[in-house]
Amino acid sequence: MKFTTYGDANNPAVLLMHGMCQDWHSMYDFLHDLEAVYYLIVPGMDGFYDGSGEFTTFEDQCRQIEDYVNKNHDGKIYGIYGVSQGTIVLSELLARNRISIEKAFFDGTYVAHQGKIAGLGTNRMFATAKKRNGKFPKAMNIMMSLMGLSEDDMIMLNYIYWDATYTSIKNNIIQNYTYRVNPSIAATKTEVILCCGSKEPYAKKSHKILMKYLKNVREIILEGYGHGQMMYFQGNKLSKMIIKEWETNQ
């Protein structure tokens with residue numbers, strides 16, 4: 001795992017967790033306004049940055065984050081923002097409870113188990129797109145619609161890291177689609193915000209699952225938005241929202 005930092009190290013440290021098969025650079029590109037308030041740490045998951053080894057498991061990614069935070073921040077981090085698959089890693093970090101996390105912001109969380117068959121289908125689409133230099137088959141439009149997105153939103157896929165190997169892509173996608181919430185998350189003391197668009201039925205289902213376990217939790221539904229749309233198209237607006245929610249709801 002690769003860690004890249006931005007901003008004043010004297011500010012509260014915040015991790016930004018990227019989505020499935022995504023280039024880590026996108027997190028800073030979209031949310032750089034957070035740098036005015038926080039010291040930003042952007043992890044690149046194994047398999048999805050230049051010079052990386054293969055992607056392994058979410059547990060291994062969590063271990064590497066924990067090692068980094070323990071070594072560089074005395075085991076304590078102010079906040080973590082995760083989008084899409086980044087929320088799965090965030091969920092597992094909270095369940096493992098091996099570092100202190102004061103605040104967590106889940107954006108478009110998809111922790112509801114989707115199944116290996118669905119994962120293999122998605123992997124085929126990604127493998128086809130990799131062969132076509134990033135051009136997805138038409139079946140991708142169906143998946144996008146299930147996330148509250150239209151064909152016009154295909155531009156959001158420009159941040160897929162296509163230099164990843166077929167093995168890393170498959171491992172990452174299957175891990176994503178077969179994840180089940182770790183019940184140990186019920187013990188977390190982290191202040192959690194669950195946020196998604198009103199057009200995201202699967203994220204809303206994931207909220208219901210997480211809220212069975214979480215005690216210190218608030219939900220935000222973004223009216224009229226689909227999966228990741230605010231981050232991609234209105235990153236400055238989302239940054240202001242994160243700061244407001246974390247700093248005015250003490």
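Which residue in strand 5 is the bridge partner of Y81? In this predicted model, that partner is F105. The pair belongs to a run of seven bridges that joins strand 4 to strand 5 (residues 100-107), with the two strands parallel. Getting from strand 4 to strand 5, the chain passes through helix 3 (residues 85-96), and this β-α-β crossover is right-handed. Strand 4 also pairs with strand 2 (residues 13-17), again in the parallel sense, this time over four bridges. Here M17 stands opposite G82 of strand 4. Strand 4 itself, which spans residues 76-83, is mostly covered, with seven of its eight residues buried. As a general point, side chains in a regular strand alternate between the two faces of the sheet.

Next come the open spaces. The largest pocket holds about 650 Å³. Of the 31 residues lining this pocket, M20, S84, M143, M147 and H227 sit closest to its centre. Four elements each give two or more residues to the lining: helix 4 (116-131), helix 5 (140-146), helix 6 (166-178) and helix 8. Helix 4 has the largest share, putting in five residues. Sorted by class, the pocket lining comes out at 21 nonpolar and 10 polar residues, with no charged ones.

Then there is the enclosed space. The count comes to one cavity of 30 Å³ or more, and the largest cavity has about 40 Å³ of space in it. Its lining is made up of D107, C196, G197, E200, L222, Y225, G226, G228, Q229 and M230. Strand 6 (191-197) and helix 8 (229-233) each supply at least two of these residues. The class split for the cavity is four nonpolar, four polar and two charged. Helix 8 thus turns up in both linings, giving two or more residues to that of the largest pocket and at least two to that of the largest cavity.

Three single residues are worth a look, starting with S206. This serine has its place in helix 7. S206 counts as buried because its relative accessible area is 0%. Setting aside neighbours within four places in sequence, S206 is in contact with T109, Y110, V111 and A112.

N216 lies in the loop between helix 7 (201-211) and strand 7 (217-222). Is this asparagine buried, exposed or partly exposed? N216 counts as partly exposed, because its relative accessibility is 41%. Not counting residues up to four places away in sequence, N216 touches K189, T190, E191 and V192. Towards the start of the chain, G7 is 209 residues away from N216 in sequence, and the C-alpha to C-alpha distance between the two is 29 Å.

Last is T5, found in strand 1 (residues 2-6). With a relative accessibility of 32%, T5 also falls in the partly exposed class. Once neighbours within four places in sequence are left aside, the contacts of T5 are Y39, L40, I41 and Y68. How far apart in space are T5 and E35, C-alpha to C-alpha? The distance is 9.9 Å, for two residues that are 30 apart in sequence.

Terms used:
Residues are numbered from 1 along each chain as its sequence is written. This is a predicted model: local features need pLDDT of at least 70, side-chain atom pairs count only at pLDDT 80 or more; totals for chains, interfaces and linings use all residues. Side-chain values use heavy atoms; hydrogens and water are left out. On a 1 Å grid over the protein atoms alone, a cavity is a set of points where a 1.4 Å probe fits but cannot get out, and a pocket is an open set with protein on both sides within 12 Å along at least five of seven lines; lining residues have an atom within 4 Å of a point. Grid points are joined across faces, edges and corners, and a volume is the space filled by probe spheres set on the points. Ala, Val, Leu, Ile, Met, Phe, Trp, Tyr, Cys and Pro count as nonpolar, Asp, Glu, Lys and Arg as charged, and the others, Gly among them, as polar. Buried means under 20% relative accessible area, exposed over 50%, partly exposed in between (1.4 Å probe, protein chains only). Two strands pair if DSSP finds at least two bridges between them. A crossover is right-handed if, with the strands pointing away from the viewer, the path from the first strand over the helix to the second runs clockwise. Contact means heavy atoms within 4.5 Å.
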